[in-house]
Amino acid sequence: MAKDDVKYTREHEWIKLEGNRARVGVTDYAAEQMGDVVFVELPGAGETVGKGDSVCVIESVKAVSDVYAPVSGRISEVNNSLLDSPELINSDPYGEGWLLVIELEDEGELEGLMDASGYEKFIAEEGH
């Protein structure tokens with residue numbers, strides 16, 4: 001079920017604004033599709049990323065999936081808890097399973113993101 005306080009990408013990432021920072025994770029739908037997450041490769045804090053860049057890799061029992069930056073900016077924080085407990089992505093994708101925080105470079109990049117109802121419609125239309 002999509003949450004109302006975050007925005008969504010077509011690649012099934014969520015982004016929650018916290019001032020000029022954006023907390024990023026994968027949606028519950030993506031976590032469900034991946035199956036049990038067994039490993040997460042996180043970027044380093046301080047790295048600069050562009051919108052659409054691959055920023056981390058999630059390995060599950062089913063597949064290896066790239067996670068893409070929904071916005072451009074500098075990674076200010078990563079969720080190191082996932083290194084020891086990658087299953088948090090499955091159990092709490094919008095809470096303890098967050099991936100990283102990006103300091104926003106351009107708020108205009110937020111315009112193409114979907115709200116909860118738009119994301120749910122997107123999943124339905126894509127035949128997911």
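This report describes the sheet, the charged and aromatic contacts, and one surface patch of a predicted model.

## Basis of the description

Because the model is predicted, local features are given where pLDDT is at least 70 and side-chain atom pairs count only at pLDDT 80 or more, while totals for chains, interfaces and linings use all residues. Residues are numbered from 1 along each chain as its sequence is written, and side-chain values use heavy atoms, with hydrogens and water left out.

## The sheet and its edges

Six strands form an open sheet in the order S1-S2-S3-S9-S8-S5, with antiparallel pairing; strands (E, at least two residues) and helices (H or I, at least four) are DSSP runs numbered from the N terminus, and two strands pair if DSSP finds at least two bridges between them. Strand S1 (7–8) and strand S5 (48–49) stand at the edges with a single partner strand each, so one side of each is left without a neighbour in the sheet. S5 pairs with strand S8 (residues 73–78) in the antiparallel sense over two bridges, and the bridge partner of Thr 48 in S8 is Arg 74.

## Strand S3 and its two partners

S2 and S3 run antiparallel and are joined by six bridges, with Trp 14 standing opposite Gly 25 in S3. The two strands form a hairpin with two residues between them, and Gly 19 in the turn has a positive phi of about 70°. With S9, S3 pairs in the antiparallel sense over four bridges, and the bridge partner of Val 24 in S9 is Leu 100.

Five of the six residues of strand S3 (residues 21–26) are buried, so this strand is largely enclosed by the rest of the structure; buried means under 20% relative accessible area, exposed means over 50%, and partly exposed lies in between (1.4 Å probe, protein chains only). His 12, in the loop between S1 and S2, has a positive phi of about 70° although it is not a glycine, and at 14% relative accessibility His 12 counts as buried.

## Salt bridges

Side chains of opposite charge can pair when their charged atoms come close. With a salt bridge taken as a side-chain nitrogen of Lys or Arg within 4 Å of a carboxyl oxygen of Asp or Glu, the count comes to six. One of these joins Arg 23 and Glu 18, whose closest N and O atoms are 2.8 Å apart; Arg 23 counts as buried at 16% relative accessibility, whereas Glu 18 counts as partly exposed at 29%. Elsewhere, salt bridges that share partners join Lys 3, Asp 5 and Lys 16 into one network.

Within this network, the side chains of Asp 5 and Lys 3 meet at 3.9 Å, N to O, and those of Lys 16 and Asp 5 meet at 3.3 Å, N to O. Because Lys 16 lies in strand S2 (residues 13–18) and Asp 5 in the segment before S1, the latter pair ties together parts that are 11 residues apart in sequence. The three residues of the network are partly exposed, with relative accessibility of 41% for Asp 5, 32% for Lys 3 and 30% for Lys 16.

## Aromatic contacts

Rings of Phe, Tyr and Trp (its six-membered ring) pair if their centres lie within 6.5 Å, with planes under 30 degrees apart counted as stacked, over 60 as edge-to-face and the rest as tilted; the count comes to three aromatic pairs. Trp 14 and Tyr 94 form a tilted pair, 5.8 Å centre to centre with 40° between the planes. This pair links distant parts of the chain, 80 residues apart, with Trp 14 in strand S2 and Tyr 94 in the loop between helix H3 (88–91) and strand S9 (100–104). Both Trp 14 and Tyr 94 are buried.

Ring pairs also link Tyr 8, Tyr 119 and Phe 122 into a cluster. In addition, the charged end of Arg 23 sits over the ring of Trp 98, 4.4 Å from its centre, where such a contact requires NZ of Lys or CZ of Arg within 6 Å of the ring centre and within 35 degrees of the ring normal.

## A nonpolar surface patch

Val 38, Phe 39 and Val 61 make a nonpolar surface patch of about 280 Å². Patches are made of residues with over 30% relative accessible area and no salt bridge, like charges being joined within 9 Å and nonpolar side chains (Val, Leu, Ile, Met, Phe, Trp, Tyr) within 5 Å; accessible areas come from the Shrake-Rupley method with a 1.4 Å probe, and for residues only the protein chains shown count as cover. Phe 39 lies in strand S4 (residues 37–41) and is partly exposed, with a relative accessible area of 40%.
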